[in-house]
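Here is a walk through one protein chain, written for someone who would rather be at the bench. Have the sequence and the model open as you read.

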Amino acid sequence: MSTRVTPARKDVAAIQKDIQTVQKQISSIESRIESKRSERHNILRQCKIDDINIPLAEGSLEEAEESEPSSLSTGAQAQREARVRVDYSALADGLRDLDDPDDIKRKADKLQKAINSLQNTVDKIQAPNMRAMQKLNEVREKVSATNEAFVAARKRAHKAKLAFERVKKERHDKFIDCFDHVANEIDAIYKALAMNQSAQAFLGPENPEEPYLDGINYNCVAPGKRFQPMSNLSGGEKTVAALALLFAIHSYQPAPFFLLDEIDAALDNTNIGKVASYIRSKKGSLQTIVISLKEEFYGCADALVGICSEPADCLVSDVITLSLEKYDD
């Protein structure tokens, strides 16, 4: 019996020794785990305090309470922080593959130096202008007011443009209506004044698109003559051409009467008779008052009004009237 107990006791002692060794290892591992957990807690808490946004796969920094590391012994706090999982996918492959503590420390020191260098650079930068935001707001208000004024001005410009286009179209329509009428009538009137069907008169705008912006070409071919510029016509021919244009314009919107001042000054007796005959042919629709010193012209009138001085006083004018309707032509 004793021979079997002794070996068993030795085995039990060996097992107990192994158990103690394992317990020491477990205690050491738990201590390291607790240390790492404390470090993790401090890192998460510092990120929360400094408002550092770190990528998380699960949970949030709200799980990390701003408490001392010793308070991590509570199971509830440990469970809350265990739900916070950092997303390391954004790290470079060289950083994610670090396992050796010495390599990790060297890399951390290097990164800390870079951070310190950047912090020194930031510290050297001139202090910000505290009134910059105020000035920015003032500029924004001015820009907003300018934009509103611009929009209002653009609306006014658009409205003015529409009004201008409307007036422009109305002006064009009225001008073309008058021009077409005069252009169609002037040839017949010129033929009637010249009493010759070979006479020709025609109008043409220099600017067909907007004829009122430029001149109007007026050309006449006197009876029995070839075409030539208006400046080459004789004085009488120019007078007849001018009267044709005048009567053509009058036919568009007839006036109650015409007042003509010595239109026969450059006319010979033949042309005087033609003009007088044309005016008499229109007396049913046109009343004409003509100032003339030529008997050949005023002899064709229905009535005469003479202006002369008093025989005894040359400073006083006298008026003489005479109706010729009772006399034969």
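Which residues of α6 are buried? This is a predicted model, so treat what follows as a reading of a prediction. In α6, the buried set is Gly 236, Glu 237, Thr 239, Val 240, Ala 241, Leu 243, Ala 244, Phe 247, Ala 248 and His 250. The helix itself covers residues 235-252, which makes 18 residues. From first C-alpha to last, α6 reaches 26 Å, close to the 26 Å expected at 1.5 Å a residue.

As for the spacing, an α-helix has 3.6 residues a turn, so residues three or four places apart point the same way. The cover over the buried residues of α6 includes α5 (132-194), β4 (216-221), β5 (257-261) and α7 (269-281).

**The core**

Several of those elements turn up again in the largest nonpolar core, which has 31 residues. Within that core, Tyr 190, Leu 193, Tyr 218, Phe 247 and Val 275 touch the most other members. Two or more residues each come from α5, β3 (200-205), β4, α6, β5 and α7. The biggest giver is α5, with seven residues. At least three residues of the core come from each of domain 1 (145-253) and domain 2 (255-328).

Tyr 190 is worth a click. Leaving out residues up to four places away in sequence, Tyr 190 touches Ala 199, Gln 200, Ala 201, Cys 220, Val 221, Ala 222, Pro 223, Val 240, Ala 241 and Ala 244. Val 240, Ala 241 and Ala 244 are also on the buried list for α6.

**Three residues to compare**

| Residue | Place | Relative accessible area |
|---|---|---|
| Ala 265 | loop between β5 and α7 | 54% |
| Tyr 278 | helix α7 | 9% |
| His 250 | helix α6 | 11% |

Buried means under 20% relative accessible area and exposed means over 50%. Tyr 278 is therefore buried at 9%, and His 250 counts as buried at 11%. Ala 265, at 54%, is therefore exposed.

What does Tyr 278 touch, not counting residues up to four places away in sequence? Its partners are Ile 189, Ala 192, Leu 193 and Phe 247. Tyr 278 and Ile 189 are 89 residues apart along the chain, yet 9.0 Å separates their C-alpha atoms. His 250, with neighbours within four places in sequence set aside, is in contact with Ala 255, Phe 258 and Leu 286.

**The two domains**

The domain assignment of the protein chain gives domain 1 (145-253) and domain 2 (255-328). Their C-alpha centres lie 31 Å apart. The contact between them takes 14 residues from domain 1 and 13 residues from domain 2.

**The pocket**

Now for the largest pocket, with a volume of about 1200 Å³. It is lined by 25 residues, and Ile 43, Tyr 88, Leu 91, Ile 104 and Ala 108 are the closest to its centre. At least two lining residues each are supplied by α1 (2-49), α3 (93-96) and α4 (101-124). The largest share, eight residues, comes from α4.

How far apart in space are Ala 265 and Tyr 88? From C-alpha to C-alpha the gap is 111 Å, and the two are 177 residues apart in sequence. So one end of that line is an exposed loop residue, Ala 265, and the other is Tyr 88, one of the residues closest to the centre of the largest pocket.

How values were computed:
Residues are numbered from 1 along each chain as its sequence is written. This is a predicted model: local features need pLDDT of at least 70, side-chain atom pairs count only at pLDDT 80 or more; totals for chains, interfaces and linings use all residues. Side-chain values use heavy atoms; hydrogens and water are left out. Helices (H or I, at least four residues) and strands (E, at least two) are DSSP runs, numbered from the N terminus. The expected span of a helix is 1.5 Å times one less than its number of residues. Buried means under 20% relative accessible area, exposed over 50%, partly exposed in between (1.4 Å probe, protein chains only). Contact means heavy atoms within 4.5 Å. A nonpolar core is a set of buried Ala, Val, Leu, Ile, Met, Phe, Trp, Tyr and Cys residues joined through side-chain atoms within 4.5 Å. Domain bounds come from an automatic or database domain assignment. On a 1 Å grid over the protein atoms alone, a cavity is a set of points where a 1.4 Å probe fits but cannot get out, and a pocket is an open set with protein on both sides within 12 Å along at least five of seven lines; lining residues have an atom within 4 Å of a point. Grid points are joined across faces, edges and corners, and a volume is the space filled by probe spheres set on the points.
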